[in-house]
Amino acid sequence: MTVQTVHGYIDGVAYAVTVGEARPEAADTVGVVSGSPRAVSLLRIRNGDPIGLPHGRYARLDVNVPGSVVEALTAWTEVVPPPGEDG
């Protein structure tokens, strides 16, 4: 299973989460997501909600599926490159 870190902003507040494997030592965790309580709470509350995708497609958020989590964060937050990397 590939683990990746996603960085972004929710309402102007920075977040970082690890997607792909729960980390019990993290500030907050739901499904395969660990890290920022703000981002994890958003995903926990919206689990099962539709995600608008390009070309009029939709998927449902499943916090146990890494691809679904990344799609949701991309659709609902401002995802940015990790610090130190150019986008």
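Which residues are buried in helix α2 (residues 66-76)? In this predicted model, in which local features need pLDDT of at least 70, side-chain atom pairs count only at pLDDT 80 or more and totals for chains, interfaces and linings use all residues, they are Ser68, Val69, Ala72 and Leu73. Because these residues cover an arc of only 130° around the axis, they sit on the same side of α2; the arc is that of the directions from the helix axis to the C-beta atoms. Buried here means under 20% relative accessible area, exposed means over 50%, and partly exposed lies in between (1.4 Å probe, protein chains only). An α-helix has 3.6 residues a turn, so residues three or four places apart point the same way. Residues are numbered from 1 along each chain as its sequence is written, and side-chain values use heavy atoms, with hydrogens and water left out.

## Overall fold

The protein chain has two helices and seven strands, which follow one another along the sequence in the pattern β-β-β-β-α-β-β-α-β. Helices (H or I, at least four residues) and strands (E, at least two) are DSSP runs, numbered from the N terminus. For 87 residues, a compact globule would have a radius of gyration near 12 Å, and the protein chain agrees with this at 12 Å; the radius is taken over C-alpha atoms, and the globule rule is 2.2 Å times the number of residues to the power 0.38. The C-alpha trace spans about 35 × 30 × 25 Å along its principal axes, and 33% of the 87 residues of the protein chain count as buried. Among the contacts in the protein chain with a separation of 6 or more, residues 24 or more positions apart account for 34%, where contact means heavy atoms within 4.5 Å.

## Core and helices

The largest nonpolar core holds 18 residues, of which Tyr15, Val17, Val33, Leu43, Leu61, Val69 and Leu73 touch the most other members. β1, β2, α1 (37-46) and α2 each supply at least two residues of this core. A nonpolar core is a set of buried Ala, Val, Leu, Ile, Met, Phe, Trp, Tyr and Cys residues joined through side-chain atoms within 4.5 Å.

In α1, the buried residues are Ala39, Val40 and Leu43. They lie on the same side of α1, because they cover an arc of only 100° around the axis. The buried residues of α1 pack against β1, β2, β3, β4 and α2. After α1 comes Gly48, whose phi is positive, near 95°.

From α2, Val69 is in contact with Val19, Val32, Val33, Leu43, Leu61, Asp62 and Val63, leaving aside its neighbours within four places in sequence. Val32 is itself found in the loop between β3 (28-30) and β4 (33-35), and it counts as buried because its relative accessible area is 10%. Not counting residues up to four places away in sequence, Val32 touches ten residues' worth of surroundings that include Thr18, Val19, Val63, Val65 and Val69. The C-alpha atoms of Val32 and Val65 are 7.0 Å apart in space, although 33 residues separate them in sequence.

## Exposed loop residues

Three loop residues with high relative accessibility values are listed below.

| Residue | Loop | Relative accessibility |
|---|---|---|
| Asp11 | between β1 and β2 | 70%, exposed |
| Gly12 | between β1 (4-10) and β2 (13-19) | 66%, exposed |
| His55 | between β5 (50-52) and β6 (58-60) | 79%, exposed |

Most residues other than glycine have a negative phi. Asp11, although it is not a glycine, has a positive phi of about 50°, and His55, also a residue other than glycine, has a positive phi near 65°. Gly12 and Pro37 are 25 residues apart along the chain, and their C-alpha atoms are separated by 15 Å.

## Aromatic rings

Arg46 lies over the face of Trp76, at 3.7 Å from the ring centre; a charge sits over a ring if NZ of Lys or CZ of Arg is within 6 Å of the ring centre and within 35 degrees of the ring normal. The structure holds zero aromatic pairs, a pair being rings of Phe, Tyr and Trp (its six-membered ring) whose centres lie within 6.5 Å, with planes under 30 degrees apart counted as stacked, over 60 as edge-to-face and the rest as tilted.
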